[in-house]
Amino acid sequence: TNTDIDWSIEFDPLDTANPIVPDTFCPGTALPQWHKFTDKEKAKHRQAMLSWMLSQILHGEQGAMYGAAQVIQSVPWTDGKLFGATQVVDEARHIEVFHRYLDQKLGRRYEINENLYVLTEFLMEDPRWDVKFLGMQIMIEGFGLGAFTLIKNIVNEPLLKSILGWIIADEARHVNYGVLALSRFYQTELSERELREREELAY
């Protein structure tokens, strides 16, 4: 993370002339009070919103690391265990980067969202490796991949764009592996009842 990412890039998350994210990305703009805010208050809202989003991504990466570690134990084939080991390393690197960015660059960090916490806890407790894959590789990682791409496209800050570019490449690999592994397993190993159960879980 110290060689691939230029941490010397400086920016002001409260810059009013060059907002870190556009107003169209801020839910607060729909409220009547938004137009009564000063430029500095609007900048604080943008900083808080981006910090909250990246904090949830940080917590999702923590869950993904634990989930990948559990998959190493439970997945039945060696290739799956080897890939899971590389994913644990990827997720640990993502955690380090987001933690550092939130603390050193944005200056604030939030607790995990309750819905994300409930989903993560459920996946951690379920003993079935394919359910962990479905939840982590497809649902959480897939959501993360979309969120990373969206933020990268709208954020007005080169350091975060660079970070997200690296992480998107990792996440795309994780999601693709989940699709390949589950496609083979679901087509050959599960009954109709078990497939419906997985569909209901995903829904």
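Reader: Before we look at any helices, how do I read the handedness of a crossing, and which way does α1 pass α4?

Author: A crossing is left-handed if the near helix is turned anticlockwise from the far one by less than a right angle. This is a predicted model, and in it α1 passes α4 in a left-handed crossing.

Reader: At what angle do the axes of α1 and α4 cross?

Author: Roughly 150°, with the axes coming within 10 Å. Angles over 145 degrees count as roughly antiparallel, so α1 and α4 are roughly antiparallel to each other.

Reader: Which residues should I click on to see α1 meet α4?

Author: On the α1 side, try Leu50, Met53, Leu54 and Ile57, among others. Their partners in α4 include Trp129, Phe133, Met136, Ile140 and Phe148. By class, the contact has 12 nonpolar, five polar and three charged residues.

Reader: Now α3 and α4: how do their axes cross?

Author: They come within 8 Å and cross at roughly 145°. The crossing of α3 with α4 is left-handed. Leu116, Leu119, Phe122 and Leu123 are among the α3 residues here, and α4 brings Val131, Lys132, Gly135, Met136 and Ile140. That contact divides into eight nonpolar, two polar and two charged residues.

Reader: On to empty space. What's the general idea?

Author: Rolling a probe the size of a water molecule over the atoms shows where empty space is left. In this model, the largest pocket has a volume of about 470 Å³.

Reader: Which residues lie nearest the centre of the largest pocket?

Author: Gln56, Ile57, Leu116, Phe143 and Gly144, out of 20 lining residues. Helices α1 (39-74), α3 (114-125) and α4 (129-154) each give two or more residues to that lining. The largest share, eight residues, comes from α4. Sorted by class, the pocket lining has 12 nonpolar, five polar and three charged residues.

Reader: And closed spaces: how many cavities of 30 Å³ or more are there?

Author: One. Its volume is about 50 Å³. Gly67, Ala68, Val71, Gly84, Gln87, Lys132, Phe133, Met136 and Gln137 line this cavity.

Reader: Which elements give two or more residues to the cavity lining?

Author: α1, α2 (78-106) and α4. Again look to α4, which gives the most, with four residues. The cavity lining divides into four nonpolar, four polar and one charged.

Reader: Which cavity-lining residues from α4 should I recognise from the helix contacts?

Author: Met136 is a good one to start with: it lines the cavity, meets α1 and also meets α3. Lys132 likewise lines the cavity and belongs to the α4 side of both contacts.

Conventions: Residues numbered from 1 in each chain as written. Predicted model: local features only at pLDDT ≥ 70, side-chain atom pairs only at ≥ 80, totals over all residues. Heavy atoms only, no water. 1 Å grid on protein atoms, 1.4 Å probe; cavity = no way out; pocket = protein on both sides within 12 Å on 5 of 7 lines; lining within 4 Å. Points joined across faces, edges and corners; volume = space filled by probe spheres on them. Nonpolar A, V, L, I, M, F, W, Y, C, P; charged D, E, K, R; others polar. Axes fitted to C-alpha atoms, helices over the stretch in contact; angles between N-to-C directions. Contact = heavy atoms within 4.5 Å. Parallel < 35°, antiparallel > 145°, perpendicular 65-115°, else oblique.
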